[in-house]
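Me: Could we go through the charged side-chain pairs in this one? I have the sequence and model open here.

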Amino acid sequence: EPHLSEQKCGPHDIRLEGDIIFLTIHGVVTERELQAIIQMGNAIADRHPGYWILGDVSEMTGMAPAARRLAAVNPRLTAFRGAALLGASTVHRILISLIVRAMHLLGTTHVQMGFVASQEEGLRWLAQHKAKDLAAHR
């Protein structure tokens, strides 16, 4: 049975279901909020091979510099496998792509990042990448 728990992280809405964090961002993401999300992910990773995010960033206005740094250099992000993001503006796509590139360059983690048009497409994207990830880790 799916593990459903709806919660708030600052102004953001979060729902946990299996190894997926459903995240709806409202406004700016702060370092503290990102830390809380990473902690939730690591708790999921105690029960699953890793965790994935389906994020609605259509109402995101930005990411605090400290949060960007945390995303790029956090050694505890190894359980984070990837994210499908919907509603990303061009500016946010560039910002997020730069953060992901920094993560890869700094070698903390190799995450998959997809920009999708709907939640259904996001779930399909996650299913595809999960299957690949599982095959690679066998």
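**Salt bridges**

Reply: Gladly, with the basis stated beforehand: this is a predicted model, in which local features need pLDDT of at least 70 and side-chain atom pairs count only at pLDDT 80 or more, while totals for chains, interfaces and linings use all residues. Residues are numbered from 1 along each chain as its sequence is written, and side-chain values use heavy atoms, with hydrogens and water left out.

Me: ok, how many salt bridges by this rule?
Reply: The count is four, where a salt bridge is a side-chain nitrogen of Lys or Arg within 4 Å of a carboxyl oxygen of Asp or Glu.

Me: what does Lys-8 meet in a salt bridge?
Reply: Lys-8 pairs with the side chain of Asp-13, at 2.7 Å from N to O. Lys-8 is exposed, with a relative accessible area of 53%, whereas Asp-13 is partly exposed at 29%; buried means under 20% relative accessible area, exposed over 50%, and partly exposed in between, using a 1.4 Å probe and protein chains only.

Me: and which side chain does Arg-15 meet?
Reply: Arg-15 forms a salt bridge with Glu-17, at 2.8 Å from N to O. Arg-15 is partly exposed at 23%, and Glu-17 is partly exposed at 26%.

Me: switching to Arg-81 and Asp-133, buried or exposed?
Reply: Both Arg-81 and Asp-133 are buried, and their side chains meet in a salt bridge at 3.0 Å, N to O. This pair links distant parts of the chain, 52 residues apart, with Arg-81 in strand S5 (residues 80–86) and Asp-133 in helix H4 (residues 119–136); helices (H or I, at least four residues) and strands (E, at least two) are DSSP runs, numbered from the N terminus.
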